[in-house]
Amino acid sequence: MCQNNSVKALLLVFFVLLSPASSIASADWGTVVATSETTGKVAISGDIIEFPITVQRGHNSSEKAWIGLSVSSAPENWDVGFYEENGQILFLNFPENENKKRNVILRVKTPSEANDGVYSVWVNFVPDEGDISIQEFVVKIDSDADINMQLYSAIPGLETSPAEPVEFIVTIENNYDHRIKVNLDVLEKSEDWDIQLLEIENKKYRITKQSLEKNSKQDFIVRVNPPIDTVDGSYTITVAVTPENGPQSAKETLELEINGNIETNEALVLIPEEVNLILSPGSDSEIYVTIKNTGIQQLENVELRMQDVSGISTDVRMFGAIDKLDSGESKEIPVQISVRADASSGSKDILMRAISDTTNSEDGTIAIVVERSESSGFFGVGLILISICVLGLIIYKFGRR
Amino acid sequence: MTNKNAVLIIAKKEFSDKLHEPSFLVMMSIFMVTLFVYTLGSSSFSNVARVIGVFFPILAIALGYDGIIKEKNSKSLNVLLTHPLFRDNIITGKFFGISITLGLVVFISLIIIAASDFLISGKIVQFEALSRLMIFGIFTYLYLLTFAVFALFTSTRCKTEIGSLAWGVVIWINMCFVLGPTIIMLSSIITGQSMFEMTDKFFSTGALLFNISPIHHFAEVTVGNLDLSYGTFGIQRDVHGFLDTKYSVSYLIGHYWQNVIILLALPVILLVASYISFLRENI
C-alpha cells in the first residue's frame with residue numbers, strides 16, 4: 001500500500017513536471033525562454049498595468065531563434081498585449097550570435113467598469129524549438145487599494161501680507177509602473193480666496209488634469225491670492241490629485257501665514273542708468289530710467305513721475321503712460337535733465353517714482369551735482385575784454401576827433 | 001574821386017558821427033542792460049526775443065531818423081552836393097554808416113551778454129550754443145535794420161527831424177502794438193469766428209495776414225512763434241526757431257527760408273524806396 005502510494009506520488013510529480021501548465025515562469029527547455037519576476041498586481045478599475053518580462057536564449061547558441069508571444073485568455077473587455085520599445089509585438093527574433101536579453105512589457109488595460117475581484121490573464125510563450133510555456137498573470141481589482149502616488153511640497157509654509165499673492169510649488173509623484181492621468185483639485189481654502197493651479201513652465205494656464213509617465217514626477221504651482229481684507233493669522237489650503245479612475249486621492253496641505261506688518265516686495269522697481277550726474281549750469285543730459293515689473297501680476301497705466309528741484313528741470317520723454325507692463329517686463333524711459341543757467345552750485349536730489357493703477361515703486365533719487373565750469377569763467381572774461389578792446393579800437397579809429 | 005570812395009567816406013563819416021554822439025552809448029547801454037536783465041532773469045528766451053522784437057525797433061529808428069534831414073536842414077547837403085558825388089552815393093553812404101553802427105551795437109552787446117552769462121553762471125561753453133546765438137544776432141540785426149532803413153526813408157521825405165521821428169514812432173507803434181490786435185480783428189471778420197473758438201480756420205487766416213508784419217518773421221526765425229507783440233496770440237510750433245538746437249542749421253534754413261528771405265529783402269526794399277525818394281527830392 002505504502003509502495004503503491006509512493007509510485008502514485010512519483011507519477012504525479014512526473015505528470016506535473018511534464019505538464020505545460022505547471023511551468024510557472026519559464027520553460028524547462030527552449031531555444032528562447034521568457035521569465036517574469038512579477039506576476040501579480042493590485043490595481044483599480046481603469047488602470048493600465050504593466051508586467052515586465054525578460055526574454056533570452058534558453059542556451060548558448062549561435063543559430064538564429066525566435067519566440068511567439070500570445071495571449072491565450074483574458075477577462076472580457078480587457079485589452080492585453082505585448083509591447084517592446086517600438087510598439088506592440090507578437091514575435092521576437094534572435095539573430096545568429098545574438099545573446100542579449102530583451103525586455104518586453106505585458107500591458108493590461110483594465111476596463112473602468114471592472115468590479116473588484118481577482119482576474120487572470122494567461123499568455124503563451126512559444127519558442128521555435130522546445131517547450132511551450134504558459135504563464136498566468138493575476139490582476140486584483142481593489143477600489144480601496146492605497147493610491148501609489150505622492151503629493152508634496154518642499155516648502156509647504158509661506159508668509160505674506162494681505163493682497164500679496166504667493167506661490168507654492170507642489171510635486172506629484174507617480175509611483176505606478178504605468179502612465180496615469182489625475183485630476184487636480186483644491187479641497188480646502190478660505191472663503192473668497194482665489195487659488196489657481198498653474199502650469200510650471202509659463203504660469204499662464206490653469207491646469208485641471210495632469211498626465212504622468214510611469215515612475216515620474218511633475219511640479220505645478222499653487223498661486224494663492226489672499227484678499228486685502230484678510231485678517232492676520234494662519235490659513236490652510238489643501239490640494240489633491242485623484243486618478244481619473246479611482247476614488248483615492250493624494251493630498252497636501254499648505255499653510256499660509258498672513259501678516260499685515262510684513263515688509264512687502266515692491267512690484268514696481270526703478271533702475272536709473274545713472275544715480276550721480278555732474279552738470280554745469282545751462283547744460284543738460286539724457287539718461288534712461290528702467291521701470292521693471294517685479295511682481296507676478298500685469299500692471300496697467302504705468303508712468304514715471306519726477307519732481308523738479310530748484311534750478312533743475314526734468315522732461316520725461318514718454319507718450320503718456322505705459323498701458324500694460326507684464327510680470328517681469330521692463331521698459332526704458334528717456335529722461336532729459338536740464339540745469340538752468342542760473343542754477344546755484346551744489347548737490348541736488350531729483351526724486352522719482354513709478355506709479356500704476358494698483359501700486360507704486362519706492363522713491364528713487366538721482367543726485368545732480370551742479371558744478372560751475374572754470375573754463376567758462378575764463379572764456380567769459382576773455383570775451384568781455386576782447387569786446388571792450390574792439391569797441392575801444394573802433395571808437396579810437398573811427399570816432400570823430 | 002570814384003563813387004566807391006565817396007560812399008566809403010560818407011559811410012565812415014556817418015559811423016564816426018554816430019560813435020561820437022552820446023545817443024550811441026545810451027542806446028548801447030539800454031540794449032545791453034535790457035538783454036542782460038532778461039537773459040539772466042527770464043526762464044524763457046522768448047521773453048528776451050519779445051523785448052527785442054517789440055521795444056528795440058525804436059532804438060533802430062533813433063539811429064536813422066535824422067540821416068538825411070539833418071544834413072538838409074543844416075544846409076551841409078547843398079555843400080556836399082557841390083562835390084563830384086551823386087545823391088545815391090550819399091544815401092548809400094548813410095545806409096552803410098547806420099548799418100555798421102547798428103551791427104556794432106547788436107553784436108558787441110550780444111557778445112558781452114553771452115560772456116557775462118558764462119562768467120556768472122559758469123555754464124559750459126558750447127560751440128553749438130554760441131553759433132546759434134550769433135545766428136540770433138544776425139536775425140536781430142536784419143530785423144532792426146528794417147526799422148533803421150525805414151527811419152532813413154522818412155528822413156528823406158520829411159521836412160523836419162521831429163516829423164521824421166514821429167513817422168518812425170507811428171510805424172513802430174502800429175507794427176509792434178496795433179498790428180497784432182488788428183490782425184485778430186480782421187481774422188474774425190474774414191472767418192466769422194472768434195479767437196476763443198480756437199478753430200484752425202481762424203488761426204490759419206491770422207497766420208496768413210501776419211506775413212505783412214516784420215515782427216512775425218523775426219518771431220518765426222528766432223523762437224518759432226507766430227507773433228511776439230502784446231495783445232495778440234502766438235502759436236507755438238514744434239520747431240522753436242534757429243535757437244532750437246534739436247534741429248540742424250541746414251534743416252532750419254529749409255524750414256524758415258521764406259522768413260529769412262523776407263528779413264533780408266525788407267531793408268533792401270526800404271533802401272530802394274529811400275533812393276527813389278531822395279533822387280526825386282527837390283533840394
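A residue is called buried when its relative accessible area is under 20%, exposed when it is over 50%, and partly exposed in between, with a 1.4 Å probe and protein chains only. By that definition, buried residues make up 52% of the 283 residues in chain B. This is a predicted model, in which local features need pLDDT of at least 70 and side-chain atom pairs count only at pLDDT 80 or more, while totals for chains, interfaces and linings use all residues. Residues are numbered from 1 along each chain as its sequence is written, chains are lettered from A and ligands numbered from 1 in the order in which they are written, and side-chain values use heavy atoms, with hydrogens and water left out.

**Chain B as a whole**

- The secondary structure of chain B comes to 12 helices and 0 strands, where helices (H or I, at least four residues) and strands (E, at least two) are DSSP runs numbered from the N terminus.
- Contacts, meaning heavy atoms within 4.5 Å, are weighted towards distant positions in chain B, since residues 24 or more positions apart account for 71% of those with a separation of 6 or more.
- The accessible surface of chain B, from the Shrake-Rupley method with a 1.4 Å probe and, for residues, only the protein chains shown as cover, comes to about 12,700 Å², of which 69% belongs to carbon and sulfur atoms.
- In helix H10 (residues 200–209) of chain B, the buried residues are B:Phe202, B:Phe203, B:Thr205, B:Gly206 and B:Ala207, and what covers them includes helix H9 (161–191) of chain B.

**Salt bridges**

- A salt bridge is a side-chain nitrogen of Lys or Arg within 4 Å of a carboxyl oxygen of Asp or Glu, and by this rule the count comes to 17 over all chains.
- A:Glu50 and A:Arg107 meet in a salt bridge (2.9 Å, N to O), which links strand S3 (residues 48–57) to strand S8 (residues 102–109) of chain A across 57 residues; A:Glu50 is buried at 7% relative accessible area, whereas A:Arg107 is partly exposed at 30%.
- A:Arg223 and A:Glu167 form a salt bridge (3.0 Å, N to O), and because A:Arg223 lies in strand S17 and A:Glu167 in strand S13 (residues 166–174) of chain A, the pair ties together parts that are 56 residues apart in sequence.
- The side chains of B:Glu71 and B:Lys94 also form a salt bridge (2.7 Å, N to O), with B:Glu71 buried at 12% relative accessibility and B:Lys94 buried at 3%; salt bridges that share partners join B:Glu14, B:Lys18, B:Asp66, B:Glu71 and B:Lys94 into one network.

**Surface patches**

- Patches are made of residues with over 30% relative accessible area and no salt bridge, like charges being joined within 9 Å and nonpolar side chains (Val, Leu, Ile, Met, Phe, Trp, Tyr) within 5 Å.
- A nonpolar patch with about 660 Å² of accessible area together is formed by A:Val381, A:Leu385, B:Val33, B:Phe36, B:Val37, B:Tyr38, B:Leu119 and B:Ile120.
- Two or more residues of the nonpolar patch come from each of helix H2 (374–398) of chain A and helices H2 (22–41) and H7 (87–121) of chain B, and H2(B) gives the most, with 4 residues.
- A:Glu159, A:Asp232, A:Glu255 and A:Glu257 gather in a surface patch of negative charge, for which Lys and Arg count as positive and Asp and Glu as negative, His and the chain ends not being counted, and the place of a charge is NZ of Lys, CZ of Arg, CG of Asp or CD of Glu.
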